[in-house]
Amino acid sequence: MKYLEIFGRNFIFVIIAAIAIYSIFLIVSDINLVYDTLSNFDWKFLPLILIIIFCSWLILFVRWEIILRSYKIHLPMRDNLLIYLAGYTFAITPLRSGELIKSVLLKNKFNVKRSVSAPLILTERVYDVIGTVIIALTAIVFLGLDYLPIIFVALAITFFVVFSIYSKSSFDFFLRLIKKLRFLQRFDASLENSHDILRNSLNRKTVLSSCALTVLFRLLEAVGIYLVLLSLGIDVVNYFELAAIYSTSMILGAVSMSPAGLGVTEGSFAGFLVLHGLELSTALVVAVIVRFFTLWYAVVVGFIALRL
């Protein structure tokens, strides 16, 4: 099977949309400013940034292992790592739902039923939400009470996710919503009876360890982002502020339901940087550069893993 064909034209559409959005951002920022910003990039930071971002994914891989083992699924470490990284190929889908490709790979390579693996992949998204919200909540401390509306949105999302897991009717409603995404329709049968599997996989030990690992992932990812800013000679926010505002931007991007939060995540992140004293044009360039490291780097690694 050619796995890239699973998502068909949607994948190409997202790439084109991303190019269009980033082009608008960069044009608004002024081409000369873009050139100057990139010229100021301190390349000695590059290897460290790439290593730290990659290591943050390994934390999520450990979480993936824990989730699988909670359902008595044991796979060879190397193969499982490649399958996990291959899921990043489709990280540019709404709510990263394209990572359901892992369900196809597990079925083809280890005969793990899609009806079992697909719900476990949804579990990852649950922990993504909870861990990101935990980090974003620190925005109240670092950004002030003016950001309470955003925090309330974050808490509402968390409540909705948790309620959906434990309420069958709400979970079915949520599935009907996400299955309106055309590329997910081929996973209908795998997701149809996923409620019980999802609930059974959420035992206390798994929940606590997975949430903790998600928070650790966000914190390590923020180290990489902080180094990106330092490599550009930008020091307008401290590390904890950066972790909070980037996590908040990720939540806003997820709420928008745009593929990988494209446009919304970058725009909101740039907006937060502006509030901390950075010029809008520079902030937009910085936001795009940061997303190249946190999103598109993952997509490239996913492509490589998918081919191995």
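The following questions and answers go through a predicted model of one protein.

Trainee: How many helices and how many strands does the secondary structure of the protein come to?

Mentor: The protein has 308 residues, of which 54% count as buried. Its secondary structure holds no strands, so the count rests on the DSSP runs for helices. The numbers are 15 helices and 0 strands.

Trainee: What share of the contacts with a separation of 6 or more is between residues 24 or more positions apart?

Mentor: A contact here needs heavy atoms within 4.5 Å. Take the contacts in the protein with a separation of 6 or more, and keep those whose residues are 24 or more positions apart. The share is 76%.

Trainee: Which span is expected for helix H3, at 1.5 Å a residue?

Mentor: Helix H3 covers residues 46–70, which is 25 residues. The expected span is 1.5 Å times one less than the number of residues. From first C-alpha to last, H3 reaches 37 Å, close to the expected value of 36 Å.

Trainee: How are H3 and H12 oriented to each other, roughly parallel or roughly antiparallel?

Mentor: Helix H12 spans residues 204–231, and its axis lies 9 Å from that of H3. The two helices pack at an angle of about 170 degrees. Angles over 145 degrees count as roughly antiparallel, so H3 and H12 are roughly antiparallel.

Trainee: How do the residues of the contact of H3 with H12 divide?

Mentor: Each residue in this contact is classed as nonpolar, polar or charged. The division is 18 nonpolar, 8 polar and 2 charged.

Trainee: Is Glu65 buried or exposed?

Mentor: Glu65 sits in helix H3. Leaving aside neighbours within four places in sequence, Glu65 is in contact with Leu75, Met77 and Asn80. Buried means under 20% relative accessible area; Glu65 has 8% relative accessibility, so the class is buried.

Trainee: What is the phi of Lys72, and where does Lys72 lie?

Mentor: Lys72 comes just after H3 and counts as exposed at 68% relative accessibility. Lys72 is not a glycine, yet its phi is positive, at about 60 degrees. Its place is the loop between H3 and helix H4 (77–86).

Trainee: Which loop holds Asn111?

Mentor: Asn111 is a residue other than glycine with a positive phi, near 55 degrees. At 56% relative accessibility, Asn111 counts as exposed, since the cut-off is over 50%. The loop is the one between helix H5 (101–110) and helix H6 (114–137).

Trainee: Which residues of the largest nonpolar core touch the most other members?

Mentor: In soluble globular proteins, nonpolar side chains tend to be buried together. Here the largest nonpolar core has 74 residues. Its largest share, 17 residues, comes from helix H15 (residues 280–307). Those that touch the most other members are Trp57, Leu229 and Phe269.

Trainee: Which residues does Phe269 contact, leaving aside its neighbours within four places in sequence?

Mentor: Phe269 is one of the residues that touch the most other members of the largest core. With the sequence neighbours set aside, its contacts are Ile225, Leu242, Ile245, Tyr246, Ser249, Ala287 and Val290.

Trainee: How many residues are in the second, separate core?

Mentor: This core includes Ile135, Ala222, Tyr239 and Ala243. Its total is 5 residues.

Trainee: How far apart in space are Ser281 and Ala270?

Mentor: Ser281 lies in helix H15 and counts as partly exposed at 23% relative accessibility. Ser281 and Ala270 are 11 residues apart in sequence. In space, C-alpha to C-alpha, the distance is 8.8 Å.

Terms used. Residues numbered from 1 in each chain as written. Predicted model: local features only at pLDDT ≥ 70, side-chain atom pairs only at ≥ 80, totals over all residues. Heavy atoms only, no water. Helix = DSSP H or I, 4+ residues; strand = E, 2+ residues; numbered from the N terminus. Buried < 20%, exposed > 50% of the residue type's maximum accessible area, 1.4 Å probe, protein only. Core = buried A, V, L, I, M, F, W, Y, C linked by side-chain atoms within 4.5 Å. Axes fitted to C-alpha atoms, helices over the stretch in contact; angles between N-to-C directions. Parallel < 35°, antiparallel > 145°, perpendicular 65-115°, else oblique. Nonpolar A, V, L, I, M, F, W, Y, C, P; charged D, E, K, R; others polar.
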